[in-house]
Amino acid sequence: MGAVIPDPALDWDLGPRRRWDPRHVLLVIVGVVTVVAVAIIVLQTREPEHRAAATAPVAAPSIALAAPSGHEGDGGYPIGFPRTELGAASAAAAALEAAWTLDGAQAEQAAVLYAPPDQRDAARDGAREAVRGWRETLGLPAEGDLPEGAALRTQTIGVQWKARADDQVQVWVLVQVTATKGGSGSGPVYSSPYAMSLLMTWSPDMRGAGKGDWVNVPDPAPPTVPPAALPGTPQFAAAGWSSLLPPRPTP
């Protein structure tokens, strides 16, 4: 695998001009979800001779996401999160990690799994659009088989949330999106952080009679999204993000 190339816009000039709006990619998880791409800010300072600049990591709160009660589907997607604010944040992170993919079948399966029953058709449509959009961004075939090694991975690196109503939680999720075109040779890997907002609602019978779970619903009034930043940076702590325990490997 080649060197990781950070690119905050995921506009990589690897193929035809994109004809999709990246803000629509989360239609795979239902409806209107704001996606904000923010550049990684690299601060470089010069110290006098004989003094090395050493910036200590900035402390931010750390949390452990709630464990699911089970898994479902070919991908073993986590479901059945507790009816708590942390449970809502954990479900939002799981939904994002399952949804952003180059595999159409996987995207549709995730769309249905984390969508309310009355919005599943719209979620499937959004899933197909998202897959086409990501493939176009990478210069890959819009449909059909992919070159060997082509992949897209989404990993949660930070969360924050607040209650918005009874059984409704506004969750902000910070993810690291990593992708490669595959094909001959290992090819470069592109990686960028994204911050986004998801409105999660408790559905009492989502997993069967009396078996509730959190689902992502369209947000009629999407809030401002905190800036994206990498854990350990001043920007990460200042934006209010909590990092995850146990520490996850860097994508």
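Here is a short conversation about how terms are applied to this predicted model.

Tutor: Residues are numbered from 1 along each chain as its sequence is written. Because the model is predicted, local features need pLDDT of at least 70 and side-chain atom pairs count only at pLDDT 80 or more, while totals for chains, interfaces and linings use all residues, and side-chain values use heavy atoms, leaving out hydrogens and water.

Student: Happy with that. What makes tryptophan 202 and tryptophan 214 an aromatic pair that is edge-to-face?

Tutor: Rings of Phe, Tyr and Trp (its six-membered ring) pair if their centres lie within 6.5 Å, with planes under 30 degrees apart counted as stacked, over 60 as edge-to-face and the rest as tilted. For tryptophan 202 and tryptophan 214 the centres are 5.4 Å apart and the planes make 75°, so the pair meets the distance limit and is edge-to-face.

Student: Which parts does the pair tie together?

Tutor: Tryptophan 202 lies in strand E8 (residues 189–203) and tryptophan 214 in strand E9 (residues 213–217), so the parts joined are twelve residues apart in sequence. Helices (H or I, at least four residues) and strands (E, at least two) are DSSP runs, numbered from the N terminus. The whole structure has three aromatic pairs, and ring pairs link Trp100, Trp134 and Tyr194 into a cluster.

Student: Why is aspartate 213 called buried?

Tutor: Buried means under 20% relative accessible area, exposed over 50%, and partly exposed in between (1.4 Å probe, protein chains only). Aspartate 213 has 1%, so it is buried. This residue lies in strand E9.

Student: How do you know that aspartate 213 and arginine 207 meet in a salt bridge?

Tutor: A salt bridge is a side-chain nitrogen of Lys or Arg within 4 Å of a carboxyl oxygen of Asp or Glu. Here the N to O distance is 2.8 Å, so the pair qualifies. Arginine 207 is buried as well as aspartate 213. In general, side chains of opposite charge can pair when their charged atoms come close.

Student: How many salt bridges are there, and what makes arginine 164 and aspartate 219 one of them?

Tutor: The structure holds six. Arginine 164 and aspartate 219 come to 2.6 Å, N to O, so they fall within the 4 Å limit. Arginine 164 lies in strand E6 (residues 151–165) and aspartate 219 in the loop between E9 and helix H4 (234–238), so this bridge ties together parts that are 55 residues apart in sequence.

Student: Are those two partners buried or partly exposed, and why?

Tutor: Arginine 164, at 32%, falls between the two cut-offs, so it is partly exposed. Aspartate 219, at 5%, is under the lower one, so it counts as buried.

Student: What makes arginine 128 and glutamate 108 a salt bridge?

Tutor: Their closest N and O atoms are 3.4 Å apart, so they pass too. Arginine 128 lies in helix H3 (residues 120–137) and glutamate 108 in helix H2, so the pair joins parts that are 20 residues apart in sequence. Arginine 128 has a relative accessible area of 35% and glutamate 108 has 24%, so both are partly exposed.

Student: Which residues touch the most other members of the largest nonpolar core?

Tutor: Val171, Met200 and Trp214 do, among its 34 residues. Such a core is a set of buried Ala, Val, Leu, Ile, Met, Phe, Trp, Tyr and Cys residues joined through side-chain atoms within 4.5 Å. Trp214 fits the burial condition, as tryptophan 214 is buried.
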